[in-house]
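Let's take a walk through a protein model together. Keep the sequence and the 3D view open, and look up each residue as we get to it.

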Amino acid sequence: MGKIPLSFRGLGAQSSVSTLLKANTSSVLQEEKAPPTISHWQRQKKSNQKKPIAKNDSATKTTAPALIFESAKLSDAKSLFNSFISSTNDAPSDSSFYNSILQSFSAVSSVQDSIFFLNHMVKLHPPFCPNRFTYHILLKQSCSLADEQSLSGVHNVLNLMTNSGFPPNQVSTDVAARALCECGREEHAVELIKELSAKNSLPDAYTYNFMVRHLVKKRSVNSANSFVKDMEEFGIKPDLVTYTIMIDNVCNTKNLREAMRLLRLLHEEGYKPDCYVYNTIMKGYCNLSQGGDVLGVYQKMLDEGIEPDHYTYNTLIFGLSKSGRVKDAKKFLRVMTEKGHSPDAITYTSLMNGMCREGDALGALALLGEMERKGCSPNSCTYNTLLLGLCKARLLNEGVKLYQLMKKGDIKLETGSYGTFLRALCRQGRVAEAYEVFDYAIESKSIPDIAAYSTLESTLKWLKKAREQGLVV
């Protein structure tokens with residue numbers, strides 16, 4: 001019988017519930033982060049992953065700081081730099097070397113002191129000639145002050161850049177926009193972009209789409225729409241990537257009406273949606289368990305002459321299975337194979353999930369055998385889906401056999417299947433086996449120890465009460 005750790009005795013009972021299917025889940029100038037992963041059955045859009053590093057742009061160079069400043073006092077910084085220069089016989093002339101020193105001090109100082117320190121560096125060591133990246137350090141610092149209520153500090157740095165012969169350009173716009181957004185100043189970022197655009201420093205496509213992505217994620221679709229409309233006044237229009245970002249966001253928030261509006265707008269602007277866009281919308285309808293709409297999007301793809309890919313069929317099978325249309329899901333499993341796309345563990349697990357929901361747990365178990373015969377290896381989600389389905393169908397003996405296979409293969413239990421399996425065993429009076437399952441959950445680190453014990457304790461309390469009421473023997 002399983003041994004309960006002393007530290008768990010006396011804990012309150014709590015049941016943990018998990019979802020059946022789990023998703024498989026700087027220098028600001030150097031690259032843009034990839035868009036968030038849409039789901040385990042979607043792929044990343046390669047054209048929207050990283051901003052390429054600009055050639056011959058000193059802003060992309062990274063150099064380890066020669067000095068580390070622990071004090072924010074300007075006088076201490078000057079003394080440290082003076083000591084460094086006086087003790088160095090052959091100081092480097094490369095501007096990136098001194099930029100790294102300025103960047104190090106800017107991390108602990110105020111913007112004004114950073115400017116004073118820069119002036120001191122130039123005066124003490126004339127070979128150092130500030131470049132655009134030098135001023136971008138100050139620009140980023142001025143934009144990274146989360147409590148600032150205006151852009152006055154940013155304007156001071158931009159004026160300094162212009163007076164020094166480095167008027168803001170597209171890289172400057174990008175640096176400022178990203179730094180402002182990083183500290184939650186999205187409204188200031190939009191305001192500054194509009195100001196710079198009016199002065200012919202328009203954002204490039206990467207900065208523009210970064211702003212759209214950030215606004216729909218941190219603010220709202222309306223704020224992103226307003227930004228898009230404002231930028232159209234400067235001749236900047238959304239592209240396919242822009243629409244994809246917005247469609248993905250509204251689908252994630254289950255606003256499929258807005259997704260379809262954006263899809264129509266995309267057509268009106270002369271863009272042809274790709275498979276990725278349609279897969280994103282299909283995934284949104286899947287989340288709403290609207291199998292008919294999933295099929296409608298699939299048919300629209302075909303009408304547009306867009307060839308469905310592997311992810312399309314996985315999404316279809318998942319959505320149809322989830323909405324109770326297992327018969328249709330099985331049909332697309334055959335279509336998928338005929339089109340040359342090999343079903344994977346996600347495909348089969350989605351279908352098994354739907355079959356178990358319909359009460360056909362034995363059919364799902366048979367599908368496991370077919371899956372293995374075709375050379376597709378089941379994963380942890382596959383086994384846990386089947387174990388949950390078998391227990392709910394009161395096919396406990398089959399569930400125990402499957403559990404033994406899981407244990408032999410070191411497959412971890414998920415919270416939902418673990419709890420359901422324990423209750424099924426206790427319902428039939430197989431308490432010793434329930435303790436053994438608890439031991440395995442602990443030893444395999446399937447779920448947190450406290451959650452494993454809480455589920456066991458609540459199950460045993462239920463069993464005791466059920467016996468008192470004569471519901472079980």
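Start with Leu138, which you'll find in helix H4, a helix that covers residues 132-143. Keep in mind that this is a predicted model. Is Leu138 buried or exposed? With a relative accessible area of 0%, Leu138 is buried. Under 20% is what it takes to be called buried, so a residue at 0% qualifies. Now see what surrounds Leu138. Leaving aside residues up to four places away in sequence, Leu138 touches Leu102, Ser114, Ile115, Leu118, Val157 and Leu160. Gln103 is worth a look too: 35 residues separate Leu138 and Gln103 in sequence, yet their C-alpha atoms are 8.2 Å apart in space.

Next, hop over to Ser172, in helix H6 (residues 170-182). Ser172 has 1% relative accessibility, so it counts as buried. Which residues does Ser172 touch, not counting those up to four places away in sequence? They are Arg132, His136, Leu139 and Met161.

Now for the rings. A pair of aromatic rings is described by the distance of the centres and the angle of the planes. Searching the whole structure turns up 14 aromatic pairs. Take Phe81 and Phe117: their ring centres are 5.9 Å apart and their planes sit at 80°, so this pair is edge-to-face. The cut-off behind that word is an angle over 60 degrees. Phe81 belongs to helix H1 (residues 74-86) and Phe117 to helix H3 (residues 111-124), so the pair ties together parts that are 36 residues apart in sequence. Phe81 and Phe117 are both buried.

You can meet those numbers again further along the chain. Tyr403 and Tyr440 have ring centres 5.9 Å apart and planes at 80°, so they are an edge-to-face pair. Tyr403 lies in helix H19 (residues 396-408), while Tyr440 lies in helix H21 (residues 431-443), so this pair ties together parts that are 37 residues apart in sequence. Are these two tyrosines buried or exposed? Tyr403 has 2% relative accessibility and counts as buried, and Tyr440, at 7%, counts as buried as well.

Go back to Phe81 and Phe117 for a moment. Ring pairs link them with Phe69 and Phe105 into a cluster. Another phenylalanine to find is Phe84, in helix H1. Its relative accessible area is 18%, so Phe84 still counts as buried, given that the limit is under 20%. The C-alpha atoms of Phe84 and Leu67 are 8.4 Å apart, with their positions 17 residues apart along the chain.

Phe69 from that cluster also leads us to Val108, which is one of the residues in contact with it. Val108 sits in the loop between helix H2 (95-106) and H3. At 33% relative accessibility, Val108 counts as partly exposed. Besides Phe69, Val108 touches Ser71 and Ala72, again not counting residues up to four places away in sequence. Val108 and Ser71 are 37 residues apart in sequence, but 7.2 Å apart in space from C-alpha to C-alpha.

Rings can have other partners, too. What lies over the face of Phe210? Arg178 does, at 4.4 Å from the ring centre.

Let's zoom out to whole helices. Two packed helices are described by the angle between their axes and the distance between the axes. Helix H16 (residues 345-357) packs with helix H18 (residues 380-392) at an angle of about 10°, and their axes are 9 Å apart. That makes H16 and H18 roughly parallel, because angles under 35 degrees fall in that class. On the H16 side, the meeting residues are Ala345, Thr349, Met352, Asn353 and Cys356; on the H18 side, they are Cys381, Thr382, Thr385, Leu386 and Gly389. The contact is a mix of 5 nonpolar and 5 polar residues, with no charged ones.

We'll finish in the loops. Asn200 is in the loop between helix H7 (186-198) and helix H8 (205-218). It has a relative accessible area of 73%, so Asn200 is exposed. Its phi is near 65°, a positive value in a residue other than glycine. Now look at Asp410, in the loop between H19 and helix H20 (415-427). Asp410 has a positive phi of about 55° although it is not a glycine. At 61% relative accessibility, Asp410 counts as exposed.

How values were computed
Residues are numbered from 1 along each chain as its sequence is written. This is a predicted model: local features need pLDDT of at least 70, side-chain atom pairs count only at pLDDT 80 or more; totals for chains, interfaces and linings use all residues. Side-chain values use heavy atoms; hydrogens and water are left out. Rings of Phe, Tyr and Trp (its six-membered ring) pair if their centres lie within 6.5 Å; planes under 30 degrees apart count as stacked, over 60 as edge-to-face and the rest as tilted. Helices (H or I, at least four residues) and strands (E, at least two) are DSSP runs, numbered from the N terminus. Buried means under 20% relative accessible area, exposed over 50%, partly exposed in between (1.4 Å probe, protein chains only). A charge sits over a ring if NZ of Lys or CZ of Arg is within 6 Å of the ring centre and within 35 degrees of the ring normal. Axes are lines fitted to C-alpha atoms, for helices over the stretch in contact, and angles run from 0 to 180 degrees between N-to-C directions. Angles under 35 degrees count as roughly parallel, over 145 as roughly antiparallel, 65 to 115 as roughly perpendicular and the rest as oblique. Contact means heavy atoms within 4.5 Å. Ala, Val, Leu, Ile, Met, Phe, Trp, Tyr, Cys and Pro count as nonpolar, Asp, Glu, Lys and Arg as charged, and the others, Gly among them, as polar.
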